[in-house]
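Let's take a walk through this protein together. Have a look at the structure below, and then we'll go through it piece by piece.

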Amino acid sequence: MFELSLLQWLIVILSAVFIGFMKTGVSSLGILVVTILMYVFPAKESVGILLPLLIIGDIFAVIYYRKSVVWKYLVSLIPWVLIGIIIGFFVLDQVNSDQLKPIIGGLVLALIILQVSRERLGERFNQLLPKSLSFTLLMGVLAGFTTMIGNAAGGVMAVYLLVKGLPKREFVGTGAWFFLFVNLIKVPFYISLGLITFDSISFNLWLVPTIIVGAFIGIKVLPLIPQKTFQVLILAFAAIGALRLLFV
């Protein structure tokens, strides 16, 4: 078991609640979770601790949205995602925690810019993007790389699924199946890199109830929260975290 201070435990528990919450609809929270966990653990170690927590949230989301999935958009993406995962694996194998921080910080900032651009331009954003094989290839490789290097592919997948024009429920359900599939693929890679260990799994198990609580909160509370205000706050906090990763 990891030795953490009271403040660190509160941060970890809050992160676990956020994971459950984001898996039931608020995907932008993933950017925040990635950054705040690095205040508790070294960058590489935090990536390994986060993955099993995400898988628990993915399982819950898949059960809840099990019938709301558009398989053709996943099948066409997966081969390119696997290429991105392999590239990310070799990068993770070569860098240490200090080197990984600015990489993830830069990726997070790029995803925030992507998210803000999407929200400001609205439907025009989707129209500006191609719907060709090259677009699917680019999104797939980018999603695979970002999810492997820092569990931070939520923004990439949001753009990809929005361009496909999916309704809200199918959007969430298709994303849930995608992340469950991809995160399970990443497990043996993370084990081989020493990022998932017996100790980290034991630590993860303590947080399972918190993730489930967060998921139920997301289902019940999400409709009551003004989405735009919530997104602005999350992106602002994530940007601060990303800048700290880049420059501290």
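A good place to start is Phe-18, which sits in helix H1, the stretch covering residues 6–23. Keep in mind as you look around that this is a predicted model. Is Phe-18 buried or exposed? Its relative accessibility is 19%, and because buried means under 20%, Phe-18 counts as buried. Setting aside residues up to four places away in sequence, Phe-18 touches Leu-29, Leu-32, Val-33 and Ile-36. Phe-18 also has a partner from far along the chain: Gly-214 is 196 residues away in sequence, yet the two C-alpha atoms are separated by 6.2 Å.

Stay in helix H1 for a moment and find Ser-15. With a relative accessibility of 2%, Ser-15 counts as buried. Leaving out its neighbours within four places in sequence, Ser-15 is in contact with Val-33, Ile-36 and Leu-37.

Those partners bring us to H2, where Leu-29, Leu-32, Val-33, Ile-36 and Leu-37 are among the buried residues. How many residues of H2 are buried? Nine of the nine are, so H2 is largely enclosed by the rest of the structure. The others on that list include Gly-30, Ile-31, Val-34 and Thr-35.

Now step off the end of H2. Phe-41 is in the loop between helix H2 (29–37) and helix H3 (43–64). Being in a loop doesn't leave Phe-41 out in the open here: at 4% relative accessibility, Phe-41 counts as buried. Not counting residues up to four places away in sequence, Phe-41 touches Phe-2, Leu-4, Val-12, Ser-46, Ile-49 and Phe-203. One of these, Leu-4, is 37 residues from Phe-41 in sequence, and their C-alpha atoms are 9.6 Å apart.

Phe-203 leads us on to the aromatic rings. What do ring pairs link into a cluster? Here the members are Trp-9, Phe-41 and Phe-203. The count of aromatic pairs comes to seven. Take Trp-9 and Phe-203: their ring centres are 5.4 Å apart and their planes are at 40°, so this pair is tilted. Trp-9 belongs to helix H1 and Phe-203 to helix H11 (residues 198–206), so the pair ties together parts that are 194 residues apart in sequence. As for how much of each can be reached, Trp-9 is partly exposed, with a relative accessible area of 25%, whereas Phe-203 is buried at 0%.

Next, see how helices pack against each other. H1 and H3 pack at an angle of about 35°, with their axes 9 Å apart, and H1 passes H3 in a right-handed crossing. On the H1 side you'll find Ile-19, Met-22 and Lys-23, which meet Leu-50, Leu-53, Leu-54, Gly-57, Asp-58 and Ala-61 in H3. Sorted by class, this contact has six nonpolar, one polar and two charged residues.

A second pair to look at is helix H5 (residues 78–94) with helix H8 (residues 133–150), whose axes come within 6 Å and cross at roughly 35°. H5 passes H8 in a right-handed crossing. Among the residues that meet here are Trp-80, Gly-84, Gly-88 and Phe-89 from H5, and Leu-137, Gly-140, Gly-144 and Phe-145 from H8. By class, the contact of H5 with H8 has 14 nonpolar, six polar and no charged residues.

One more residue is worth a stop: Asn-183, in helix H10 (residues 168–192). Asn-183 is buried, with a relative accessible area of 2%. Leaving aside its neighbours within four places in sequence, Asn-183 is in contact with Leu-51, Leu-54, Ile-55, Asp-58, Thr-147 and Asn-151. Leu-54 and Asp-58 came up earlier, on the H3 side of the contact with H1, and Thr-147 is one of the H8 residues that meet H5.

Finally, zoom out to the whole protein. What is it built from? There are 13 helices and zero strands. Buried residues make up 52% of the 248 residues. Of the contacts with a separation of 6 or more, 86% are between residues 24 or more positions apart. The accessible surface comes to about 11600 Å², and 71% of that belongs to carbon and sulfur atoms.

Notes:
Residues are numbered from 1 along each chain as its sequence is written. This is a predicted model: local features need pLDDT of at least 70, side-chain atom pairs count only at pLDDT 80 or more; totals for chains, interfaces and linings use all residues. Side-chain values use heavy atoms; hydrogens and water are left out. Helices (H or I, at least four residues) and strands (E, at least two) are DSSP runs, numbered from the N terminus. Buried means under 20% relative accessible area, exposed over 50%, partly exposed in between (1.4 Å probe, protein chains only). Contact means heavy atoms within 4.5 Å. Rings of Phe, Tyr and Trp (its six-membered ring) pair if their centres lie within 6.5 Å; planes under 30 degrees apart count as stacked, over 60 as edge-to-face and the rest as tilted. Axes are lines fitted to C-alpha atoms, for helices over the stretch in contact, and angles run from 0 to 180 degrees between N-to-C directions. A crossing is left-handed if the near helix is turned anticlockwise from the far one by less than a right angle, and right-handed if clockwise. Ala, Val, Leu, Ile, Met, Phe, Trp, Tyr, Cys and Pro count as nonpolar, Asp, Glu, Lys and Arg as charged, and the others, Gly among them, as polar. Accessible areas come from the Shrake-Rupley method with a 1.4 Å probe; for residues, only the protein chains shown count as cover.
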